[in-house]
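Here are some notes for a colleague who is opening this entry for the first time. Please keep the structure in view while reading the numbered points.

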Amino acid sequence: MKDWYERTHPVTGERYVARDEPGYADIPTFMRCPRPDDLTEIDIAFVGVPYDGQATERVGARQGPREIRNASTVLRAINHATGVDPFALSRIADAGDVRLPRAFDVMATIEDIAGFYRPITAAGVVPLSAGGDHSISYPILKALAEDGPVGLVDIDAHLDLWDSYLGSRYHHGSQFRRAVEDGLIDPNRMVQIGLRGAQNTREGWDFQREHGIRGIYIEEFRETGVAGAIQEARRIAGEGPTYLTFDIDALDPVFAPGTGTPEIGGITTFEAQQLLRGLRGLDFIGADLVEVSPPLDPSGNTALTGATLMYEMLCLLAEARAARG
Ligand code: MN
Ligand code: MN
């Protein structure tokens, strides 16, 4: 697999593997992966979705993909806790950003994002995406769940099960309600972890309960620990194809302040790593990490945290893909 990562430098003609060179050098792709010429020879594609047009509060997540790429250049390959080397299991490339020529038009942009992912899934390539606001999960699921509903492991402070807001049914607090309504997610195989925060209405909680969605609120998480959340997530998601989504605001704002809708009393970065490692063996068909907002992240730590959690998700996707054969 190492040979696949070798590229010819356009100036010197030398063969080299970008990840073996210093992270501060050259143009930052995700974890210094190559840019593919097309989709035919890759297994997992990093995709940026530079869009925050459906954020309800503070924006800036449109700049997430670029800063996550930059922060990711310091990351290394072999997972010290699990021993997994995703680069030995898969051909991983940075497929660039979703093109958004109609970014001011919400409905057109949903179609543009879904349309970008359809050739990726048609080619059998597993997408690992960086947002963007959390609304991007809906068009991604439109492409990934074309053959029927999938399970969802959703790590977030928020339910994202609201209905309309500011006159629109489509925003980053409603995408999973829309996905359940459209048959993209099986609500009985959906688990939400890290939930907390007051609401102005009960409609999200009502929808969750009425559709049998399993919510692990932060109080339960503190009570049963990471191990309890892992056990429950595995039980709910089961053995079928499952999507993984991580809203960075699931973390306590001490660890991830650079996000639009922070909620205190959240999970720690180490708990998040343990949680993700505990999901090994689930049949993940794609994943995203959303809501990193660089303008709200002057230290850059939120982008680094997002990139590092994406590495854990990459390990999960590479193992799941290998298990499917
Ligand atoms: Mn969210
Ligand atoms: Mn959230």
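1. A good place to begin is the metal site, where Asp156 bridges the manganese ion (ligand 1) and the manganese ion (ligand 2), which lie 3.2 Å apart. Please bear in mind throughout that this is a predicted model.

2. Which residues coordinate the manganese ion (ligand 1)? The donors are His134 through ND1, together with Asp156, Asp160 and Asp247 through OD, at 2.1 to 2.2 Å. Read along the chain, the donors of this manganese ion (ligand 1) follow the spacing H-x21-D-x3-D-x86-D. His134 and Asp156, which are 22 residues apart, link distant parts of the chain, with His134 in the loop between strand 5 and helix 5 and Asp156 in the loop between strand 6 and helix 6. Both His134 and Asp156 are buried.

3. Asp160, one of the donors to the manganese ion (ligand 1), deserves a look at its backbone as well, since its phi is near 55°, a positive value in a residue other than glycine. Asp160 is found in the loop between strand 6 (150-155) and helix 6 (175-181), and it counts as buried because its relative accessibility is 6%, under the 20% cut-off.

4. Two further backbone features should be checked by eye. The peptide bond from Gly131 to Gly132 is cis, with omega near 10°, and Gly132 lies in the loop between strand 5 (126-131) and helix 5 (137-144). Glu291, although not a glycine, has a positive phi of about 75°; this residue lies in the loop between strand 10 (284-290) and helix 10 (301-324). Is Glu291 buried or exposed? With 3% relative accessibility, Glu291 counts as buried.

5. The largest pocket has a volume of about 720 Å³, and of the 30 residues that line it, Asp26, Ile27, Thr29, Cys33 and Arg35 are the closest to its centre. Strand 1 (6-8), strand 2 (15-17), helix 2 (64-72) and strand 4 (92-97) each supply at least two residues of this lining, and helix 2 gives the most, with 5 residues. By class, the lining of the largest pocket holds 13 nonpolar, 5 polar and 12 charged residues.

6. The second largest pocket, with a volume of about 490 Å³, is lined by 22 residues, of which Thr56, His158, Trp162, Ala198 and Gln199 lie nearest its centre. The lining of this second largest pocket divides into 5 nonpolar, 10 polar and 7 charged residues.

Definitions and conventions. Residues are numbered from 1 along each chain as its sequence is written. Chains are lettered from A and ligands numbered from 1 in the order in which they are written. This is a predicted model: local features need pLDDT of at least 70, side-chain atom pairs count only at pLDDT 80 or more; totals for chains, interfaces and linings use all residues. Side-chain values use heavy atoms; hydrogens and water are left out. Helices (H or I, at least four residues) and strands (E, at least two) are DSSP runs, numbered from the N terminus. Buried means under 20% relative accessible area, exposed over 50%, partly exposed in between (1.4 Å probe, protein chains only). Donors are N, O and S atoms within 2.8 Å of the metal (3.2 Å for Na, K and Ca); water is not among the atoms, so sites may look incomplete. On a 1 Å grid over the protein atoms alone, a cavity is a set of points where a 1.4 Å probe fits but cannot get out, and a pocket is an open set with protein on both sides within 12 Å along at least five of seven lines; lining residues have an atom within 4 Å of a point. Grid points are joined across faces, edges and corners, and a volume is the space filled by probe spheres set on the points. Ala, Val, Leu, Ile, Met, Phe, Trp, Tyr, Cys and Pro count as nonpolar, Asp, Glu, Lys and Arg as charged, and the others, Gly among them, as polar.
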